[in-house]
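Please read the notes below with the model open beside you. They are numbered so that you can reply point by point.

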Amino acid sequence: MELGSGEWLEANRVQWDERVPLHVASEFYDQSKLRAGRGELYPIEERELAGLLAGGLDGKRVLHLQCHFGADTLVLAQRGADVVGIDFSTPAIRAARALASEVGLAERARFVIANIYDARHVLPQPGSFDVVYTTWGTVGWLPDLTEWARIIEWYLKPGGSLYFADGHPSALVFDESGGELPTFAYPYDSEGVPVVVDADRDYAVEDARLEHTRTFEWSHSLGAIVGSLLDAGLRLEFLHEHYEVPWKMFAPLEVGGDRMYRWPREKWLPLALSLAAVKPLG
Ligand SMILES: C[S@@+](CC[C@H](N)C(=O)[O-])C[C@H]1O[C@@H](n2cnc3c(N)ncnc32)[C@H](O)[C@@H]1O
């Protein structure tokens with residue numbers, strides 16, 4: 001699989017380009033707190049970043065991979081970090097730059113257009129970030145986690161950390177769009193072979209119908225995610241499974257006042273996964 005070009009990259013990019021204006025205008029990506037100067041991440045990241053970074057984000061250099069239109073990137077900048085956001089969607093990066101100017105953070109937040117696999121050519125700054133941050137809906141768009149992990153390791157300073165949160169791989173095997181009960185729809189690990197999806201729905205805007213429906217996606221097992229980071233030389237700091245997730249992954253989930261969706265009674269399946277991995281000092 002070519003990582004720097006190909007049908008997969010183009011198909012995914014045009015769909016993400018189409019989603020950007022929908023998301024910028026959506027309630028799901030409500031930016032009112034960010035615009036008021038007090039943006040928030042989801043509770044999982046808030047809690048775990050506070051534990052991971054004893055001194056907080058102030059003065060930290062943060063690289064945000066797959067930053068979309070920069071909403072979370074700018075929350076990190078509001079906490080005092082110097083941030084660089086990377087995404088392959090030109091409309092996403094344009095929207096991110098516009099939002100950064102609007103909220104007065106253009107000095108502290110830089111945005112770069114790049115396929116993750118080409119990032120090192122476009123942003124040649126090895127060993128220069130305290131934190132690499134990537135959350136919610138990222139690795140499923142990436143064919144090769146070995147290379148992903150190497151890129152993260154390359155960007156981190158010795159002692160710096162990756163922070164990662166996403167849907168739990170074992171929950172992501174299910175789909176329930178076909179009926180009332182979830183069915184097994186996706187492999188637990190697609191082992192580098194893309195799952196070709198043809199769907200016109202968007203997770204953030206229920207009544208949207210996308211014109212560009214075909215995407216190439218990948219399932220990565222828990223072992224593959226963690227193994228790629230360990231093989232790249234990072235040390236696992238923590239790994240947590242969560243019974244909450246920031247989108248309505250399954251119909252019975254109930255949303256709380258903190259925007260997180262949870263099982264009403266039994267904890268049937270973990271819904272999300274988060275981890276931190278550190279680049280050793282010497
Ligand atoms: C679900 S979004 C991540 C959203 C982010 N957590 C947020 O809430 O702002 C996935 C992002 O990955 C980007 N993306 C997908 N494949 C990519 C690739 N190969 N290189 C760079 N960005 C990519 C998309 O453009 C999109 O902005």
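**Notes on the predicted model**

1. Glu-237 touches Leu-52, Ser-161, Ala-276, Ala-277 and Val-278, leaving aside residues up to four places away in sequence. Glu-237 itself is found in strand E10. The model is a predicted one, and that applies to every point that follows.

2. Is Glu-237 buried, exposed or partly exposed? Glu-237 has 15 other C-beta atoms within 10 Å. Burial would take 20 or more, and a residue is exposed at 12 or fewer, so Glu-237 is partly exposed. As for Asp-198, it is 39 residues from Glu-237 in sequence and 37 Å away in space, C-alpha to C-alpha.

3. The strand that holds Glu-237, E10, belongs to an open sheet of seven strands. Their order is E3-E2-E1-E4-E5-E14-E10, and the pairing is mixed. Strand E3 (109–113) and strand E10 (235–242) are at the edges with a single partner strand each, so each has one side without a neighbour in the sheet. From one strand to the next, the twist averages 15 degrees.

4. Strand E4 (residues 129–135) deserves a separate look. How many of its seven residues are buried? Six of the seven are, and the strand is mostly covered. On one pairing, strand E1 (residues 61–65) runs parallel to E4 and is joined to it by three bridges. Within that pairing, His-64 has Tyr-133 of E4 as its bridge partner, and Leu-63 has Val-132 of E4.

5. E4 also pairs with strand E5 (residues 156–167), in the parallel sense and over six bridges. Here Val-132 stands opposite Leu-162 in E5. Between E4 and E5 the chain passes through helix H7 (residues 145–155), and this β-α-β crossover is right-handed. Val-132 is thus worth finding on screen, as the partner of Leu-63 and as the residue opposite Leu-162.

6. Helix H3 (residues 43–52) lies across E4, E5, E10 and strand E14 (272–278). Relative to E5, helix H3 runs at about 160 degrees. Leu-52, one of the contacts of Glu-237, falls in the residue range of this helix.

7. Turning to the ligand, which residues are closest to it? They are Trp-16, Gln-66, His-68, Phe-88 and Gly-137, from a shell of 17 residues in total. The elements that give two or more residues to this shell are helix H1 (7–24) and helix H4 (71–78). By residue type, the shell divides into seven nonpolar, eight polar and two charged.

8. His-68, among the residues closest to the ligand, should be checked for its backbone. Although His-68 is not a glycine, its phi is positive, at about 55 degrees. His-68 is found in the loop between E1 and H4. With 24 other C-beta atoms within 10 Å, against a cut-off of 20 or more, His-68 is buried.

9. Arg-259 is another non-glycine residue with a positive phi, of about 75 degrees. Its place is in the loop between E12 and E13. Buried or partly exposed? Arg-259 is partly exposed, having 14 other C-beta atoms within 10 Å.

10. The strands on either side of that loop, E12 and E13, are part of an open sheet of three strands. The order is E11-E13-E12, and the pairing is antiparallel. Strand E11 (244–245) and strand E12 (254–255) stand at the edges; each has a single partner strand, so one side of each lacks a neighbour in the sheet. E11 and strand E13 (residues 261–262) run antiparallel and are joined by two bridges. In E13, Tyr-261 is the bridge partner of Val-245.

11. Last, Arg-120 is found in helix H6 (residues 119–122). Its contacts, not counting residues up to four places away in sequence, are Ile-151 and Trp-154. Both contact residues fall in the range of helix H7, which links E4 to E5. Arg-120 has 15 C-beta neighbours inside 10 Å and counts as partly exposed. Arg-120 and Glu-147 are 27 residues apart in sequence, with 11 Å between them in space, C-alpha to C-alpha.

How values were computed
Residues numbered from 1 in each chain as written. Predicted model: local features only at pLDDT ≥ 70, side-chain atom pairs only at ≥ 80, totals over all residues. Pairing = 2+ DSSP bridges. Helix = DSSP H or I, 4+ residues; strand = E, 2+ residues; numbered from the N terminus. Right-handed = clockwise from strand over helix to strand, strands pointing away. Near = placed C-beta within 6 Å. Nonpolar A, V, L, I, M, F, W, Y, C, P; charged D, E, K, R; others polar. Axes fitted to C-alpha atoms, helices over the stretch in contact; angles between N-to-C directions. Contact = placed C-beta atoms within 7 Å.
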